[in-house]
Amino acid sequence: MLSYQHLYHAGNAADVHKHAVLALALDRMVQKPKPLSYIETHAGRGRYDLRAPEAVKTGEAAQGIARLRDGFPKDHPYITALNAQPGGLYPGSPAIAQALLRREDSLHLAELHPQEHAALCDALRAPNTHIHQQDGLALAQSLCPPTPRRGLMLVDPSYEIKADYTQIPKWLAAITRKWNVGVVMIWYPILTSGAHRPMLRALQADHPQALAHGVSFPPAREGHRMVGSGLFIVNPPFGLEAGLKPLSAAFRRLR
Ligand code: SAM
């Protein structure tokens, strides 16, 4: 059932949106000296070689990071995280978090796919990084509230299983009951079919104070159904919203 491989999509426009917002949020949060927990439910392999045949075949990175990178200021935390990677590899979200977090912070990463899990262990081995080969949504429930209690959770499923759209609002309600101070970021694709809309409505009804940030972009190829990227953010860190405005402008230039 685990057929999705992020290497085909790494560095696409949706990744740039998700990773840039993640970097901005973590950058805000590390301004305070208190330690943080970072939890990721669907971690992937950590780093990606965008010259690999899989990435070249789809051409998604060529339309994503290759076109968007110059639109970021050099001191943007996303660019800081990109520059911190070995061998010019593209960082997945866990590598971005590891680059921006501190020794005293703790990371919990879930990845179910055996090969992706093995690659993640190789890529991100560090004393403060705990890598779990188990269902990420279940892991998150068992960790919450985490220690340290301040922290951020990224939820980034591939949505290959359509039940994800109905499961996530119920799952989030249980998480926020146990961890009401946590920053929780849920990524979703913006699809021509509108399949993401009922989930977004359910999330907004349960969490009216949360921030929903979306960007649109041209489809990666003709007929591709993903035409944008969305993030639903519960308890957005102070100052994050202001940092999103230039990001929206960079995506508008893609059209
Ligand atoms: N967050 C990563 C990033 O931005 O670099 C990309 C993650 S990719 C969209 C989704 C990953 O979730 C895949 O590597 C897949 O193997 C993994 N996966 C699928 N079902 C899972 C589950 N139930 N629990 C944990 N990981 C899962």
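Me: A helix here is a DSSP run of H or I with at least four residues, numbered from the N terminus. In this predicted model, which helix gives the most to the shell around the ligand?
Reply: Helix 1 (residues 13-29) does, with three residues. In total, 20 residues surround the ligand, and the closest are His19, Glu40, Glu111, Asp135 and Asp156.

Me: What makes the approach of Lys18 to the ligand a polar contact?
Reply: The cut-off is 3.5 Å between N or O atoms. A polar side-chain atom of Lys18 lies 3.2 Å from an oxygen atom of the ligand, so the pair qualifies. Two pairs involve a nitrogen atom of the ligand: a polar side-chain atom of Ser93 at 2.9 Å, and a backbone N or O atom of Gly136 at 2.9 Å. The protein covers 94% of the 610 Å² of accessible area that the ligand has on its own, and the space taken by the ligand is the largest pocket.

Me: Why is helix 6 called mostly covered?
Reply: A residue is buried when its relative accessible area is under 20%. Six of the eight residues in helix 6 (residues 93-100) are therefore counted as buried: Ser93, Pro94, Ala95, Ile96, Ala97 and Leu100.

Me: How do you know that strand 9 pairs with strands 7 and 8?
Reply: Pairing requires at least two bridges. Strand 9 (residues 226-234) is joined to strand 7 (residues 183-191) by eight, running antiparallel, with Trp187 opposite Leu231. Strand 8 (residues 211-216) and strand 9 share six, again antiparallel, and Ala212 has Phe232 as its bridge partner. Both pairs therefore satisfy the definition. Strand 9 is also mostly covered, with eight of its nine residues buried.

Methods: Residues numbered from 1 in each chain as written. Predicted model: local features only at pLDDT ≥ 70, side-chain atom pairs only at ≥ 80, totals over all residues. Heavy atoms only, no water. Buried < 20%, exposed > 50% of the residue type's maximum accessible area, 1.4 Å probe, protein only. Helix = DSSP H or I, 4+ residues; strand = E, 2+ residues; numbered from the N terminus. Near = heavy atom within 4 Å. Polar contact = N/O pair within 3.5 Å; in protein donor to acceptor, adjacent residues only side chain to side chain. Areas by Shrake-Rupley, 256 points an atom, 1.4 Å probe, with all protein chains shown as cover. 1 Å grid on protein atoms, 1.4 Å probe; cavity = no way out; pocket = protein on both sides within 12 Å on 5 of 7 lines; lining within 4 Å. Sits in = over half its atoms within 2 Å of the grid points.
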